[in-house]
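Here's a quick tour of a few local features, from helix packing to cysteines. Have a look at the structure first, then read on.

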Amino acid sequence: MQFPGRRKKLIGSSQNDLYDHCLQFYGQPPLENISLTEFETFAVERLKLLKTVENLGVSCVKNSEQYTKKLDAEISKFFFNKEDGISEYEKRRKDHISHFILRLAYCQTEDLRRWFIQQEMDLFRYRFNDLHSKHKTDFLHKNNLKYETVSAEEKKSLQDKLIASSYGLSGTKVEEHDVYKVPFQDALDLVRTRKVYLLAGNAYIPHHEIVTIVLNDFRTRLSKALAMTARSLPAVQSDERLQPLLSHLSHAYVGQDYSIQKNIGKISLEQIDALSGKSFPLCMRHLHKALRENHHLRHGGRMQYGLFLKGIGLSLEQALQFWRSEFVKGKVDADKFDKAYAYSVRHMFGKEGKRTDYTPYSCMKVILSNPPSQGDYHGCPFRHSDPELLKQKLQNYKVSPSGINQVEDAGFSLNHPNQYFTESQKLLSGGRDIKKEVDMSQRSQENPASVTRPSQANSKQAHEEMGDLDSFFQDE
């Protein structure tokens with residue numbers, strides 16, 4: 001496989017010229033041939049790294065010791081361990097190629113571009129901050145960010161003003177670390193928040209704040225590059241080898257497998273109403289409320305909510321009882337439910353059809369699957385709801401105005417509804433597992449053989465199988 005690009009600009013360039021620094025702005029696309037196996041391997045491994053960056057941004061305070069330790073371990077895993085004997089060139093090559101592959105996959109929609117930019121920025125920020133001072137300066141110069149470092153004499157003369165105008169700066173830090181002199185128009189974010197000293201049209205930026213300037217440049221370049229990639233995407237998608245891979249990557253979920261029934265039987269039907277109010281994510285709380293009020297959900301809602309309930313521990317027998325008891329309160333009698341709906345519930349649990357253990361929807365799957373239309377209740381409220389309606393819904397759930405603003409301003413956080421449930425239960429129970437509240441008679445009726453085994457299918461097969469499941473959820 002060959003990456004198209006501006007070959008003339010790189011003619012005569014050696015490997016060292018292409019990767020002359022451990023950190024990149026990814027300005028030039030790779031031009032070499034790679035195998036489809038390497039293409040997919042590089043892409044999946046980088047996607048896992050970006051998902052880890054996303055998760056750590058939620059579970060840890062950025063730049064804290066815990067955040068740094070965990071992210072450093074993941075980056076080391078991605079770029080190979082030193083004892084593996086892999087050259088520095090191979091590490092930089094993998095970084096370069098994997099980034100461009102995910103560009104192809106994540107340039108397709110505004111949501112995908114936004115997510116990709118945010119995670120790449122967080123990864124870039126960490127890697128830039130981890131550089132030695134000399135390597136930071138080298139990076140700036142190699143990318144035409146010719147920001148002047150302030151001399152020791154000038155730092156000494158301005159020391160009091162620098163300390164007074166820059167948060168967290170002390171006399172010792174001024175002496176030990178670089179201070180950069182940047183045209184003030186390139187540092188408007190820092191000027192606006194009064195974090196820098198201004199003199200003669202220049203902003204004096206402490207070493208720990210220069211990353212803000214570099215990140216702004218990186219975001220601008222990446223945003224423009226993704227827009228350009230999106231325009232040329234039809235040519236890439238015409239390659240029947242690439243199109244399925246790219247489509248799968250943009251929908252891929254690489255986190256915990258919630259199809260594995262660790263909690264089977266730990267949730268009773270009597271708990272569901274209470275749990276929906278304290279541990280369900282908003283999308284599932286919305287579906288549960290609609291089901292209780294209307295005694296029916298269309299096939300998109302049944303798929304999204306049914307697989308979620310399966311993931312939190314509802315057994316097949318409980319699921320059949322749950323859906324039947326609710327539907328018969330509406331326009332569906334018990335006989336019609338058994339004929340038209342029971343098969344699809346059993347199919348979801350791997351007891352019909354191909355007997356596949358279907359996986360609960362990730363947030364990405366919820367967002368990128370068929371959007372809800374009139375009469376539907378599935379989807380993601382933060383992506384598919386009108387902002388004003390979303391505000392009203394959050395107010396009805398007793399979320400404070402400041403909390404609503406925090407929710408609206410937040411980027412991606414948790415990436416799976418079942419992850420939200422698990423973390424909520426851990427928080428509420430002080431880290432203990434969900435208590436098992438199934439009575440003895442109920443347990444005696446359960447067939448141990450009904451507990452599904454973890455799926456051994458690869459992610460591509462799982463994606464195809466999920467599509468097969470859609471055909472079993474049809475309304476009359």
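## Helix packing and cysteines

In H3 (residues 36-59) and H6 (residues 110-129), we have two helices whose axes come within 9 Å and cross at roughly 80 degrees. With that angle, H3 is roughly perpendicular to H6. On the H3 side, the contact involves Arg46, Leu47, Leu49, Leu50, Lys51, Val53 and Glu54. H6 brings Trp115, Phe116, Gln119, Glu120, Asp122 and Leu123 to that contact. Bear in mind that this is a predicted model.

Next up is helix H21, which spans residues 387-396 and has Leu390, Lys393 and Leu394 as its buried residues. Looking down the axis of H21, you'd find these buried residues within an arc of 95 degrees, so they line one face of the helix. The N-terminal end of H21 is capped by aspartate 386, with a side-chain oxygen 3.0 Å from the backbone nitrogen of glutamate 388. Just after H21, lysine 398 has a positive phi of about 65 degrees.

And the cysteines? The disulfide count is zero. A disulfide would need two cysteine sulfur atoms within 2.5 Å, and here's how two of the cysteines look:

| Cysteine | Nearest cysteine sulfur | Relative accessibility |
|---|---|---|
| Cysteine 363 | cysteine 283, 6.5 Å | 22%, partly exposed |
| Cysteine 380 | cysteine 283, 6.5 Å | 15%, buried |

For cysteine 363, the sulfur of cysteine 283 is 6.5 Å away, so there's no disulfide by the 2.5 Å cut-off. Cysteine 380 is likewise in no disulfide, and its nearest cysteine sulfur is that of cysteine 283.

Terms used
Residues numbered from 1 in each chain as written. Predicted model: local features only at pLDDT ≥ 70, side-chain atom pairs only at ≥ 80, totals over all residues. Heavy atoms only, no water. Buried < 20%, exposed > 50% of the residue type's maximum accessible area, 1.4 Å probe, protein only. Helix = DSSP H or I, 4+ residues; strand = E, 2+ residues; numbered from the N terminus. Arc of directions from axis to C-beta. Polar contact = N/O pair within 3.5 Å; in protein donor to acceptor, adjacent residues only side chain to side chain. Axes fitted to C-alpha atoms, helices over the stretch in contact; angles between N-to-C directions. Parallel < 35°, antiparallel > 145°, perpendicular 65-115°, else oblique. Contact = heavy atoms within 4.5 Å.
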